[in-house]
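This report considers a single protein chain, from its overall architecture to selected side-chain interactions. The sequence and the model are shown first.

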Amino acid sequence: AWGRFATIYYNGHGLDPSQIGLIEGLMPVVRAVSQPFWGGIADTYHCRKLVYLITRAGSTVILLTLSLPWVYGSWIRMLCVTLSTRLFEASGVLDAYTLDLLGTENRMKYGRYRLWAGASWELGSIVIGFITDRYGFEPNFIIFGILAAITLVLIAWKIPDKVREDTGRSTNDETAESDTVMDLIKLAISPRVSGFMVINVVMG
């Protein structure tokens with residue numbers, strides 16, 4: 001619920017629109033640095049699952065400190081804590097791991113997972129909205145902490161540590177990777193794709 005209901009929390013603790021805007025505006029900047037950092041570690045050391053578990057646990061613990069009076073008693077402390085949660089942002093690692101786990105033959109199932117994730121997110125927003133209206137924002141921290149703990153346990157328990165053994169990289173692998181990068185660049189500069197990205201930037 002945090003992503004869509006954070007403004008209610010900020011308003012409830014006396015922040016003005018400029019302070020809220022600064023917090024919300026800086027978060028994507030921090031995330032733009034942290035996501036490639038964690039992605040690089042996950043790819044270099046072949047530990048995507050571990051990186052996701054560490055970052056998810058770290059961001060959850062930091063976010064839950066926003067329920068403490070010492071934190072929400074100061075705008076600067078709220079700013080520091082909120083930005084710190086984005087230092088542990090590695091959601092793309094889980095997506096990449098999922099695609100590797102599915103393999104080429106099952107890759108189309110990824111869209112199905114995303115679809116049901118979106119459906120559950122919408123349903124959850126309705127429930128959390130009702131709870132927030134009726135009981136205030138504070139129960140969100142309890143619900144968020146419980147669901148995050150369940151997620152971490154399920155991923156640690158049910159998701160394999162490695163998708164496949166690393167067999168090393170051959171010259172052919174490096175050539176194929178180079179070709180893939182060139183294909184990606186050609187795709188990105190095509191009018192249809194570049195236009196789509198520009199529209200997304202403007203909308204964002």
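The sections below treat the overall fold, the nonpolar cores, the aromatic pairs, one helix and the salt bridges.

**Basis of the description**

The model is predicted, so local features are reported only at pLDDT of at least 70 and side-chain atom pairs only at pLDDT 80 or more, while totals for chains, interfaces and linings use all residues. Residues are numbered from 1 along each chain as its sequence is written, and side-chain values use heavy atoms, with hydrogens and water left out.

**Overall fold**

The protein has ten helices and zero strands; helices (H or I, at least four residues) and strands (E, at least two) are DSSP runs, numbered from the N terminus. Along the sequence the pattern therefore reads α-α-α-α-α-α-α-α-α-α. The C-alpha trace spans about 60 × 40 × 30 Å along its principal axes.

Of the 204 residues, 26% count as buried. Buried denotes under 20% relative accessible area, exposed over 50%, and partly exposed the range in between, with a 1.4 Å probe and protein chains only. A contact requires heavy atoms within 4.5 Å. Among contacts between residues at least 6 apart in sequence, 69% join residues at least 24 apart. A separate example of sequence-distant residues is glycine 129 and arginine 4, which are 125 residues apart in sequence and 9.6 Å apart in space, C-alpha to C-alpha. Glycine 129 is placed in helix α7 and counts as buried at 16% relative accessibility.

**Nonpolar cores**

In soluble globular proteins, nonpolar side chains tend to be buried together. A nonpolar core is here a set of buried Ala, Val, Leu, Ile, Met, Phe, Trp, Tyr and Cys residues joined through side-chain atoms within 4.5 Å. The largest such core has 21 residues, and those with the most contacts inside it are Trp2, Tyr9, Tyr10 and Leu66. Two or more residues are given to this core by each of α1 (2–12), α2, α3 and α5 (75–87). Helix α1 provides the largest share, five residues. Apart from this core lies another, of six residues, among them Trp38, Cys47, Ala90 and Val93.

**Tyrosine 9 and the aromatic pairs**

Leaving aside residues up to four places away in sequence, tyrosine 9 touches Trp2, Leu66, Tyr72, Met78, Phe137 and Phe141. Rings of Phe, Tyr and Trp (its six-membered ring) pair if their centres lie within 6.5 Å; planes under 30 degrees apart count as stacked, over 60 as edge-to-face and the rest as tilted. By this rule there are six aromatic pairs. The rings of tyrosine 9 and phenylalanine 141 have centres 5.8 Å apart and planes at 80°, so this pair is edge-to-face. It links distant parts of the chain, with tyrosine 9 in helix α1 and phenylalanine 141 in helix α8 (residues 139–158), 132 residues apart. Both tyrosine 9 and phenylalanine 141 are buried. Ring pairs link Tyr9, Tyr10, Phe137 and Phe141 into a cluster.

**Helix α6**

The twelve residues of α6 should span 16 Å at 1.5 Å a residue, and its end C-alpha atoms are 17 Å apart, which agrees; the expected span is 1.5 Å times one less than the number of residues. The buried residues of α6 are Val93, Tyr97 and Leu102. They cover an arc of only 165° around the axis, which puts them on the same side of α6; the arc is that of the directions from the helix axis to the C-beta atoms. These buried residues pack against α2 (17–45), α3 and α7 (109–135). Glycine 103 follows α6 and has a positive phi, near 75°.

**Salt bridges**

The structure holds four salt bridges, each defined as a side-chain nitrogen of Lys or Arg within 4 Å of a carboxyl oxygen of Asp or Glu. Three are listed with the distance between their closest N and O atoms.

| Salt bridge | Closest N and O atoms |
|---|---|
| Arginine 48 and aspartate 43 | 3.0 Å |
| Arginine 48 and aspartate 100 | 2.4 Å |
| Glutamate 89 and arginine 86 | 3.9 Å |

Salt bridges that share partners join Asp43, Arg48 and Asp100 into one network. Arginine 48 is partly exposed at 21% relative accessible area, as are aspartate 43 at 43% and aspartate 100 at 23%. Arginine 48 in helix α3 (residues 48–64) and aspartate 100 in helix α6 (residues 91–102) link distant parts of the chain, 52 residues apart. Glutamate 89 is buried at 15% relative accessible area, and arginine 86 is buried at 15%.
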